[in-house]
Amino acid sequence: MKLELNANVQDIRQFPFDKKYDVILAIQSLVFMKKSEFKTIISKIKESLNVGGVTMVSSFTTADASYTQFAQKREPVEEDTFYSEGSKQYWNFLEKDELKNYFADEKFKILSYEEFTKEDNPHEGTPYPHQHGIARIAVELIK
Ligand SMILES: C[S@@+](CC[C@H](N)C(=O)[O-])C[C@H]1O[C@@H](n2cnc3c(N)ncnc32)[C@H](O)[C@@H]1O
């Protein structure tokens, strides 16, 4: 089978969402914006699936160690959103069940949903062992 691939690198907030897709993946990439922008992108993803199409989304939750660190140091700029001077971007965090609730609609079938914490090794930006809080979902548009 010959597949044609169009690759495009851009800020998802500027992406036109003017087509329908069979698969939309947003894996740990919608963290870095305000919660209001996150919600807008989720709405656009929901509107941009073909029937039978699947989206997978994962993002940090308020159980993430960085949420606690932000919350101890500063006020949120909006709902569960902080501005990071270090990375010069916003970070937003999901509340319990929040990601699942965005797809609580009879048109969507939730294929899997998990919220969990996971230890991470030191890496660039966080040079010590730390805990991530993650919510992830796979959803199919069924009608
Ligand atoms: C933690 S990495 C995850 C990369 C990959 N999805 C993975 O799971 O390994 C976050 C990615 O989100 C991208 N990203 C951050 N803000 C974005 C935005 N506004 N629009 C599109 N991509 C963005 C970054 O460029 C980076 O590649």
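**Close-up 1. The buried residues of helix α1 are Lys-35, Phe-38 and Ile-45.** Welcome to this predicted model; we start with one of its helices. The three buried residues sit on the same side of α1, because they cover an arc of only 75° around the axis. Turn to the face pointing away from that buried side, and you meet the exposed residues Ser-36, Ser-43 and Glu-47. What lies over the buried residues? The cover includes the strands β1 (21-27), β2, β3 (81-84) and β4. The helix itself runs through residues 35-47, 13 residues in total. From its first C-alpha to its last it reaches 19 Å, close to the 18 Å expected at 1.5 Å a residue.

**Close-up 2. The largest nonpolar core of the model has 16 residues.** If you would like a place to begin, look for Phe-93, Leu-94, Leu-99 and Ile-137, the residues with the most contacts inside this core. Three strands, β2 (49-60), β4 (89-92) and β6 (130-141), each supply at least two of its residues. Which element gives the largest share of the core? That is β6, with 3 residues.

**Close-up 3. Ile-137 and the residues it touches.** Here we stay with one of the core residues that have the most contacts. Leaving aside residues up to four places away in sequence, Ile-137 touches Met-56, Val-57, Leu-99 and Lys-100. Its other contacts on that count are Phe-103, Ile-110, Ser-112 and Tyr-113. Leu-99 also belongs to the group with the most contacts inside the core.

**Close-up 4. Eight residues to look for around the ligand are Asp-11, Ile-12, Arg-13, Ile-27, Gln-28, Ser-29, Phe-32 and Met-33.** How many nonpolar, polar and charged residues make up this shell? By class, there are 4 nonpolar, 2 polar and 2 charged residues.

**Close-up 5. Asp-80 and Asp-97 have positive phi values.** Neither of these two is a glycine. For Asp-80, phi is near 45°, and the residue is placed in the loop between α2 (65-73) and β3. Is Asp-80 buried or exposed? Since 21 other C-beta atoms lie within 10 Å of its own, and 20 or more make a residue buried, Asp-80 is buried. Asp-97 has a phi of about 65° and lies in the loop between β4 and α3 (98-101). Asp-97 has 13 C-beta neighbours inside 10 Å, so it counts as partly exposed.

**Close-up 6. Gly-86, in the loop between β3 and β4.** Gly-86 counts as exposed because it has 7 C-beta neighbours inside 10 Å, and a residue is exposed if that count is 12 or fewer. How far apart in space are Gly-86 and Phe-103? From C-alpha to C-alpha the separation is 33 Å, while in sequence the two are 17 residues apart. You may remember Phe-103 as one of the residues touched by Ile-137.

**Close-up 7. Lys-19, in the segment before β1.** Lys-19 has 7 C-beta neighbours inside 10 Å and therefore counts as exposed. Now follow the chain to Ile-142, 123 residues away from Lys-19. The C-alpha atoms of this pair are separated by 18 Å.

How values were computed:
Residues are numbered from 1 along each chain as its sequence is written. This is a predicted model: local features need pLDDT of at least 70, side-chain atom pairs count only at pLDDT 80 or more; totals for chains, interfaces and linings use all residues. A nonpolar core is a set of buried Ala, Val, Leu, Ile, Met, Phe, Trp, Tyr and Cys residues joined through C-beta atoms within 7 Å. Helices (H or I, at least four residues) and strands (E, at least two) are DSSP runs, numbered from the N terminus. Two residues are in contact if their C-beta atoms, placed from the backbone, lie within 7 Å. A residue is near a molecule or strand if its C-beta atom, placed from the backbone, lies within 6 Å of it. Ala, Val, Leu, Ile, Met, Phe, Trp, Tyr, Cys and Pro count as nonpolar, Asp, Glu, Lys and Arg as charged, and the others, Gly among them, as polar. The expected span of a helix is 1.5 Å times one less than its number of residues. The arc is that of the directions from the helix axis to the C-beta atoms.
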